[in-house]
Amino acid sequence: MYVLSLPVRLRTTWTSNVIDGVTVTPLRIIADSKGSVLHMIRADSPTFLGFGEIYFSSVHFRSVKAWKRNASATAHFAVPVGEISMALFDNRPTSPTCGHLETLTVGRSQYVLVTVPPKIWYGFQGLTNPEALIVNCLDRQYDASQTDRLEYPSETVPHLWPELE
């Protein structure tokens with residue numbers, strides 16, 4: 001297992017060396033005394049492939065939401081509120097990173113866009129009380145017939161989140 005610790009000052013998109021096709025892009029937060037503007041994605045971003053839909057998902061402190069993978073959609077995740085542990089697992093048979101697992105801590109203090117290509121399993125654990133808010137921008141509209149799900153824990157994905165105190 002590879003644990004990613006991303007420096008906050010990093011300002012360039014980088015490609016994961018753990019899972020082929022996954023990218024992490026630092027995002028901009030503009031804050032003043034009245035509040036903040038949090039950027040997520042732009043049409044001119046190298047990772048932007050098109051717009052299908054965007055949705056928000058909350059995950060409660062200590063809770064796990066896993067496992068899911070999209071057959072054909074690319075997902076762009078950001079966490080503007082709270083913090084999560086995100087796990088990604090590649091079991092694509094023809095991928096050079098088949099069998100690799102990556103975990104990232106993502107949230108307001110590590111504000112990044114995680115781009116996940118199709119056929120990568122992903123899941124989350126909430127690290128902040130009462131919850132974290134995840135934003136997912138898909139490059140195509142959600143289609144339940146194009147989404148696989150596994151119960152957590154799963155023998156298919158070799159990752160267990162720790163019990164949080």
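Biologist: How many disulfides does a search of the whole structure find?

Modeller: The search finds zero disulfides. Please bear in mind that this is a predicted model.

Biologist: Are the cysteines Cys 98 and Cys 137 buried or exposed?

Modeller: A residue is called buried when its relative accessible area is under 20% and exposed when the value is over 50%, with partly exposed in between. Cys 137 has 2% relative accessibility, so it counts as buried. Cys 98 has 35%, and therefore it counts as partly exposed.

Biologist: Let us turn to the pockets. What is the volume of the second largest pocket, and which residues lie nearest its centre?

Modeller: The second largest pocket holds about 230 Å³ of space. Its lining comprises 15 residues, and those nearest the centre are Lys 65, Lys 68, Tyr 122, Phe 124 and Arg 149. By class, eight of the lining residues are nonpolar, three are polar and four are charged.

Biologist: Which strands each supply at least two residues of that lining?

Modeller: Strand 6 (53-60), strand 7 (64-70), strand 12 (120-126) and strand 13 (131-138) each do so. Strand 7 gives the largest share, with four residues.

Biologist: How should I read the pairing of strand 7 with strand 12 and with strand 14?

Modeller: A general idea helps first. In a regular strand, side chains alternate between the two faces of the sheet. In the present case, strand 7 and strand 12 run antiparallel and are joined by four bridges. Within this pairing, Lys 68 has Tyr 122 as its bridge partner; both residues are also among those nearest the centre of the second largest pocket. Strand 7 also runs antiparallel to strand 14 (residues 147-149), with three bridges between them. There, Asn 70 is partnered by Thr 147.

Biologist: Where are the cis peptide bonds at Pro 130 and Pro 153?

Modeller: The bond between Asn 129 and Pro 130 is cis, with omega about 10 degrees, and Pro 130 belongs to the loop between strand 12 and strand 13. The bond from Tyr 152 to Pro 153 is likewise cis, with omega near -5 degrees; Pro 153 is in the segment after strand 14.

Biologist: What is notable about the phi of Arg 62 and of Lys 119?

Modeller: Arg 62 is not a glycine, yet its phi is positive, about 75 degrees. It lies in the loop between strand 6 and strand 7 and, with a relative accessible area of 43%, is partly exposed. Lys 119, also not a glycine, has a positive phi of about 75 degrees. Lys 119 sits in the loop between strand 11 (112-116) and strand 12, and at 44% relative accessibility it counts as partly exposed.

Conventions:
Residues numbered from 1 in each chain as written. Predicted model: local features only at pLDDT ≥ 70, side-chain atom pairs only at ≥ 80, totals over all residues. Heavy atoms only, no water. 1 Å grid on protein atoms, 1.4 Å probe; cavity = no way out; pocket = protein on both sides within 12 Å on 5 of 7 lines; lining within 4 Å. Points joined across faces, edges and corners; volume = space filled by probe spheres on them. Nonpolar A, V, L, I, M, F, W, Y, C, P; charged D, E, K, R; others polar. Pairing = 2+ DSSP bridges. Disulfide = S-S within 2.5 Å. Buried < 20%, exposed > 50% of the residue type's maximum accessible area, 1.4 Å probe, protein only.
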